[in-house]
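Here is a predicted model for discussion, and the questions below ask how each description of it is justified. Please look at the sequence and structure before reading on.

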Amino acid sequence: MDRTKIILEERDMPTKWYNILPDMPTPLPPPLSPQTLKPAGPEDFAPLFPMALIQQEMSDERYIDIPEEVLDVYKLYRPSPLFRARRLEKALGTPAKIFYKYEGGSPSGSHKTNTAIAQAYYNKLEGTTRLATETGAGQWGSALSMACQLMGLECMVYMVKASYNQKPYRHMLMEAYGAKVVASPSELTNAGRAAMADYPDHPGTLGLAISEAVEDTVTHPGTHYSLGSVLNHVILHQTIIGEELQKQFALIDTEPDVIYGCVGGGSSFGGVAMPYVRDNLSGKRNVRLVAVEPASCPTLTKGLYAYDYGDEAKMAPVVMMYTLGHDFIPSPIHAGGLRYHGDSPIISSLYHDKVIEAEAFKQIGVFEAAMQFIHTESILPAPESAHAIKAAIDEAMRCKENGEEKNICFLLTGHGHFDLAAYDAYLNGKLEDDEYNEADEARAIASLPKVG
Ligand SMILES: *Cc1c(COP(=O)(O)O)cnc(C)c1O
């Protein structure tokens, strides 16, 4: 119990991903075609994704072997370490033990590499020569650029223009990995040209970048589209996190009482939580699983559980999820990766069935928690990940008040080395707490597709 770093040997790395779909308490309602609002089948997804990923999206097999070539790349940075945050515990004066699993040691800096490698691999296997995608904050574009280089694919990234200009080092990293990156809206697609004709200084949105990447995909032979969160197969690939975590806690003969993870589209939280959901449902464990979101984009805690479009442009499938409405525009909080209007259907369904919990925090408190973590544990977290730190610290302080010796764990999804402008704003008192506008809720209901 006195270890600071709990390292799993490479030979003990999990070799299978865990698929929650056959174990869901309520089966997922089918995705619908955005054009017809009728259930979408594999053929609807075939222009965008390789068959292997479409099958994983709907698979009822509990365990899926991680291909050898993917395991080989995982070994560049996996198993990821589990840390005991002793200095943070001491600074807080809590009797609780705080643990965190760190995904920021991956070459691209976040957990997104776990699915990027798998997606590039399956595409390569089926003859894809080029992948197109969008990126907002830039972590996903970096991960896919790296994966495409390793698998021998070309990579085309549409990066939201505001982010392209604010975070130049992110697109330079993608370019160093060999990707082609353009600011979106761009001159390369009809969607981009139309947006700029209306509004020459358009700052771009994630929805518009998705439209450009999808248009690029269907107009370039050999190209497929790739998405870094939300989808079932993305959560599947991320389950290596939770499977490793269980083995790491077993090494120190400890069981977490609660696990916190930040949630944007839900892939990293899904990855750490699904193996625990499996064991909670079968009665083998009893671990609280808490999704943490920004108060300015409170999808789970304030959204509706309904069918909605996956994107602003209404090109992505319509899925049953917690949503703030596909045309919801979140305030420009610094955790760019948590600004999605919806949430993964898997996470949404589990939250609806009360299998997992959710909490929301405002950004100033989140940055305060990040600073406590930086000053004690020395890793500078991504602002997204700092939401989970905030939740863990609050729980540790409750333990202090109540004299409870709980084991608290959180997932540290990435480092924040490209987010220093956000820290600079915080340190100079320029961050504001933006509120979620309750009036938006009514507007969101009105914008939902009329299904059934
Ligand atoms: C993208 C991202 C997130 C949010 O995405 P999820 O799919 O919810 O995991 C969180 N943290 C980091 C570092 C990210 O890059």
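**Helix packing, ligand shell and backbone exceptions**

Helix 6 (residues 139–151) and helix 8 (residues 168–176) pack at an angle of about 10°, with their axes 8 Å apart. This is a predicted model, in which local features need pLDDT of at least 70 and side-chain atom pairs count only at pLDDT 80 or more, while totals for chains, interfaces and linings use all residues. Residues are numbered from 1 along each chain as its sequence is written, and side-chain values use heavy atoms, with hydrogens and water left out.

Q: Why is helix 6 called roughly parallel to helix 8?
A: Angles run from 0 to 180 degrees between N-to-C directions, the axes being lines fitted to C-alpha atoms over the stretch in contact, and angles under 35 degrees count as roughly parallel, over 145 as roughly antiparallel, 65 to 115 as roughly perpendicular and the rest as oblique. The angle here is about 10°, and therefore helix 6 is roughly parallel to helix 8.

Q: Which residues of helix 6 and helix 8 meet, and how do they divide by type?
A: With contact meaning heavy atoms within 4.5 Å, Gln139, Gly141, Ser142 and Ser145 of helix 6 meet Arg170, Leu173 and Met174 of helix 8. Ala, Val, Leu, Ile, Met, Phe, Trp, Tyr, Cys and Pro count as nonpolar, Asp, Glu, Lys and Arg as charged, and the others, Gly among them, as polar, so the contact divides into two nonpolar, four polar and one charged.

Q: What makes helix 16 roughly perpendicular to helix 18?
A: Helix 16 (residues 363–377) and helix 18 (residues 420–427) pack at about 105°, with their axes 11 Å apart, and that angle makes helix 16 roughly perpendicular to helix 18. Their contact residues divide into nine nonpolar, no polar and one charged; on the side of helix 16 they include Phe367, Glu368 and Met371, and on the side of helix 18 they include Tyr423 and Tyr426.

Q: How do you know that Ser229, Gly264 and Ser268 make polar contacts with the ligand?
A: A polar contact is a pair of N or O atoms within 3.5 Å, and within protein one must be able to donate a hydrogen and the other to accept it, while residues adjacent in sequence count only if both atoms are side-chain atoms. An oxygen atom of the ligand is 2.5 Å from an N or O atom in the side chain of Ser229, a ligand oxygen is 2.7 Å from a polar backbone atom of Gly264, and a polar side-chain atom of Ser268 lies 2.6 Å from an oxygen of the ligand.

Q: How much of the ligand does the protein cover?
A: The protein covers 98% of the 380 Å² of accessible area that the ligand has on its own.

Q: What makes the backbone at Pro79, Pro185 and Lys354 worth pointing out?
A: Most residues other than glycine have a negative phi, and most peptide bonds are trans. A cis peptide bond joins Arg78 and Pro79, with omega about -10°, and another cis bond joins Ser184 and Pro185, with omega about 10°. Lys354, which is not a glycine, has a positive phi of about 60°, and Lys354 lies in the loop between helix 15 (345–352) and strand 14 (357–361).

Key: Areas by Shrake-Rupley, 256 points an atom, 1.4 Å probe, with all protein chains shown as cover. Helix = DSSP H or I, 4+ residues; strand = E, 2+ residues; numbered from the N terminus.
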